[in-house]
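Colleague: I have a while before my gel finishes, so could you walk me through this model? Please take it piece by piece, and I will interrupt.

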Amino acid sequence: QEAVVPMETRNASSYLLAFDNTNGVVLGVALANVSAQAASVPVVLRDDTGAQIGTGTLPLGASGHTSFVLSTQFPVTANIRGTIEFDRPTGGQISVLGIRFTPPNNALTTIPALANVGTTGGSIAHIATGNGWQTTFVLVNTGTSAAQINLNFFADVTGSPLSLPISFPQVGSTVTTAPSVSQTLAAGATLLVQSAAPLSNPTPTIGSAQLSTSGNVSGFVIFRYNPNGQEAVVPLESRTASAYILAFDNTASTATGVAINSVSSQAVNIPVVVRDDTGAQIATDSLTLPANGHLAFTLVSDKYPMTANIRGTIEFDTPAGAQIGALGIRIPVAHTFTTLPALVR
């Protein structure tokens, strides 16, 4: 089992973790005091409707750390979905992480803390459904008023609208097929949108997704491969950066999957730079994507064979006037997998 934790560089007024403690799933939480002074961290608990169900305070020493299982520390969260908010103490700084443990094999994946959520929405560079794959969108309204959300799906390569089988686990298992989801999300509420096409599909349907919203809504996607229960989480990409960089390690028979998407209404040409772990440039390329296009490939076997058996980085530069997203998936020889977040500059 592996799970990746991004470095926390934000100093936000609050950090919010979405949890789902239903069906035997539990959330582990880690909290660190990034301050030379002792602190008491206020906590606010909400269910998935946005209703407040509890409050608390967690004391931490200077540079202190604590970790716990959420439903043990706060029993009110057992067997429900919702959010836990950690507020920054006055004059202090904290860091927060969630770890989701899923039965039957205690597969683990990190849950990103939501913070500094704007109103721009964002995109997910890769989705997959069918042939054993399941994609679950977890969207949270972190604001204080209701917000409209529009979640749109786009096809691999072409970028055309993509109809997917979708269901809403919070209200039942009825499946409909649609290229988008539009709903109003109450303040503090959480929405789950799930796509799980049949296992019998000969190949998974892949593509990308884009979220637009009238409020402060963010979230993430949970990839699940149902035959072995493996899961990995992808944060919603809301940054607008000049470049997105993925670090790869293709040694010891580990493979790296890559996905890139365009969040643009026009075709784009994306410059690519590949470097080894000394920083030496070993390849360049240009990838053409149509409007809202998506491309997924595996390093070495599909593209850039010079990355075989080495470590390094692959950089995707944002074309002028466009917006893109990138995602890495690390696949060790045991076929556990975890997502690799894109670094930006």
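Colleague: How many bridges join strand 21 to strand 22?

Modeller: Eight bridges join strand 21 (residues 268-276) to strand 22 (residues 281-289), and the two strands run antiparallel. Strands here are DSSP runs of E with at least two residues, numbered from the N terminus, and two strands pair if DSSP finds at least two bridges between them. This is a predicted model, in which local features need pLDDT of at least 70 and side-chain atom pairs count only at pLDDT 80 or more, while totals for chains, interfaces and linings use all residues. Residues are numbered from 1 along each chain as its sequence is written, and side-chain values use heavy atoms, with hydrogens and water left out.

Colleague: Which residue stands opposite R275?

Modeller: R275 stands opposite Q281 in strand 22. In the hairpin of strand 21 and strand 22 there are four residues between the strands, and G279 takes a positive phi near 95°.

Colleague: Is R275 part of anything else, say a network, and which residues does that network join?

Modeller: Salt bridges that share partners join R275, E315, D317 and R345 into one network. A salt bridge here is a side-chain nitrogen of Lys or Arg within 4 Å of a carboxyl oxygen of Asp or Glu. Within that network, E315 forms a salt bridge with R345, with the closest N and O atoms 2.4 Å apart. The pair links distant parts of the chain, since E315 is in strand 24 (residues 311-317) and R345 is in the segment after strand 27 (343-344), 30 residues apart.

Colleague: And E315, buried or exposed?

Modeller: E315 is buried, with a relative accessible area of 3%, where buried means under 20% relative accessible area, exposed over 50% and partly exposed in between, with a 1.4 Å probe and protein chains only.

Colleague: How many salt bridges does a search of the whole structure find?

Modeller: A search of the whole structure finds eleven salt bridges. One of them is between the side chains of D20 and R81, at 3.1 Å from N to O. This pair links distant parts of the chain, with D20 in strand 1 (residues 14-20) and R81 in strand 6 (residues 81-87), 61 residues apart. D20 is buried at a relative accessible area of 17%, and R81 is buried too, at 14%.

Colleague: What does R46 form a salt bridge with?

Modeller: R46 forms a salt bridge with E85, and their closest N and O atoms are 2.9 Å apart. R46 lies in strand 3 (residues 39-47) and E85 in strand 6, so the pair ties together parts that are 39 residues apart in sequence. R46 counts as buried at 19% relative accessibility, and E85 counts as buried at 14%.

Colleague: Switching to sheets, what order do the strands have in the one with strand 9?

Modeller: That open sheet of four strands has the order 9-16-11-14, with antiparallel pairing. Its edge strands are strand 9 and strand 14 (180-185), each of which pairs on one side only. Inside the sheet, strand 11 (residues 147-155) and strand 16 (residues 205-213) pair in the antiparallel sense over seven bridges, and L151 stands opposite L211 in strand 16.

Colleague: And what is the order in the sheet with strand 5?

Modeller: The order there is 5-2-7-8, again in an open sheet of four strands with antiparallel pairing. Strand 5 (65-69) and strand 8 (107-111) are the edge strands, each pairing on one side only. Five bridges join strand 2 (residues 26-33) to strand 5, and G28 stands opposite V69 in strand 5.

Colleague: Last topic, pockets. Which strands each supply at least two residues of the lining of the second largest pocket?

Modeller: They are strand 9 (122-129), strand 17 (217-225), strand 20 (255-262), strand 23 (294-298) and strand 25 (324-331). On a 1 Å grid over the protein atoms alone, a pocket is an open set of points where a 1.4 Å probe fits, with protein on both sides within 12 Å along at least five of seven lines, and lining residues have an atom within 4 Å of a point. Of the 20 residues that line the second largest pocket, the closest to its centre are H126, W133, G257, I329 and I331.
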